[in-house]
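Reader: I would like a close look at one part of this model, the aromatic pair. Please walk me through the pair, then set it against the rest of the protein.

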Amino acid sequence: MKIKKKAIALPALLVAGTYSTLMAQTTQNANKALSEIAAGVSGLFDNAWKVALAIAALIAIVGSINVYSKWHKGDPNVSSAIAGWVGAVVGFILMGVVLKAVFTA
């Protein structure tokens with residue numbers, strides 16, 4: 001009876017040791033892969049932030065031309081046009097800030 005217990009215990013210990021070693025290596029590889037992915041995503045959002053600022057600048061330029069045109073024509077609703085365009089630019093910038101904060105944190 002003692003021989004059977006030892007015969008079963010030794011392979012079970014070998015399997016458990018091998019499993020724990022493989023899991024440790026897998027966990028290290030997974031952590032390394034996740035760190036690389038996070039660094040790549042962070043780099044993408046830095047570039048996306050610059051693009052978002054460039055688009056916001058274009059929106060501001062188009063909006064200022066539109067507001068100037070309305071003001072020059074004597075349109076009484078110039079203040080609402082100003083509010084709309086400024087809101088669009090601020091909203092676009094805030095969207096970029098929120099996305100950067102969420103994905104780079």
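Author: Y68 and W71 are three residues apart in helix α1, which covers residues 2-73. That spacing puts about one helical turn between Y68 and W71. Keep in mind that this is a predicted model.

How are the two rings placed? A pair of aromatic rings is described by the distance of the centres and the angle of the planes. For Y68 and W71, the ring centres are 5.8 Å apart. The ring planes meet at 50°. Stacked pairs need planes under 30 degrees apart, and edge-to-face pairs need over 60. The angle of 50° falls under neither heading, so the Y68 and W71 pair is tilted. A search of the whole structure finds one aromatic pair, and Y68 with W71 is that pair.

Are these two residues buried or exposed? Y68 has 49% relative accessibility, so Y68 counts as partly exposed. W71 has a relative accessible area of 57%, and W71 is exposed. The cut-off for exposed is over 50%. W71 passes that cut-off, whereas Y68 does not.

Now the wider setting. The protein has two helices and zero strands. Helix α1 holds the pair. Helix α2 spans residues 78-104. Buried residues make up 8% of the 105 residues. The protein exposes about 8,200 Å². Carbon and sulfur atoms supply 74% of that area.

Next, the link along the chain. Take contacts between residues at least 6 apart in sequence: 68% of them join residues at least 24 apart. Three C-alpha distances add detail. A83 lies in helix α2. A83 is 16 residues from V67 in sequence, and the two C-alpha atoms are 10.0 Å apart. A83 is itself exposed, with a relative accessible area of 51%. M95 also sits in helix α2. The C-alpha atoms of M95 and W49 are separated by 9.7 Å, with their positions 46 residues apart along the chain. L99 is in helix α2 as well. L99 and A48 are 51 residues apart in sequence, yet 9.6 Å apart in space, C-alpha to C-alpha.

M95 and L99 have a second role in this picture. Together with V98, V102 and F103, M95 and L99 make a nonpolar surface patch of about 450 Å². V98 is placed in helix α2. Why can M95 and L99 belong to such a patch? Patch members need over 30% relative accessible area. M95 has 42%, so M95 is partly exposed and meets that cut-off. L99 has 37%, so L99 is partly exposed and meets that cut-off too.

Conventions: Residues numbered from 1 in each chain as written. Predicted model: local features only at pLDDT ≥ 70, side-chain atom pairs only at ≥ 80, totals over all residues. Heavy atoms only, no water. Patch = residues over 30% accessible without salt bridge, like charges linked within 9 Å, V, L, I, M, F, W, Y side chains within 5 Å. Areas by Shrake-Rupley, 256 points an atom, 1.4 Å probe, with all protein chains shown as cover. Salt bridge = Lys/Arg side-chain N within 4 Å of Asp/Glu carboxyl O. Helix = DSSP H or I, 4+ residues; strand = E, 2+ residues; numbered from the N terminus. Buried < 20%, exposed > 50% of the residue type's maximum accessible area, 1.4 Å probe, protein only. Contact = heavy atoms within 4.5 Å. Phe/Tyr/Trp six-rings, centres within 6.5 Å; stacked < 30°, edge-to-face > 60°.
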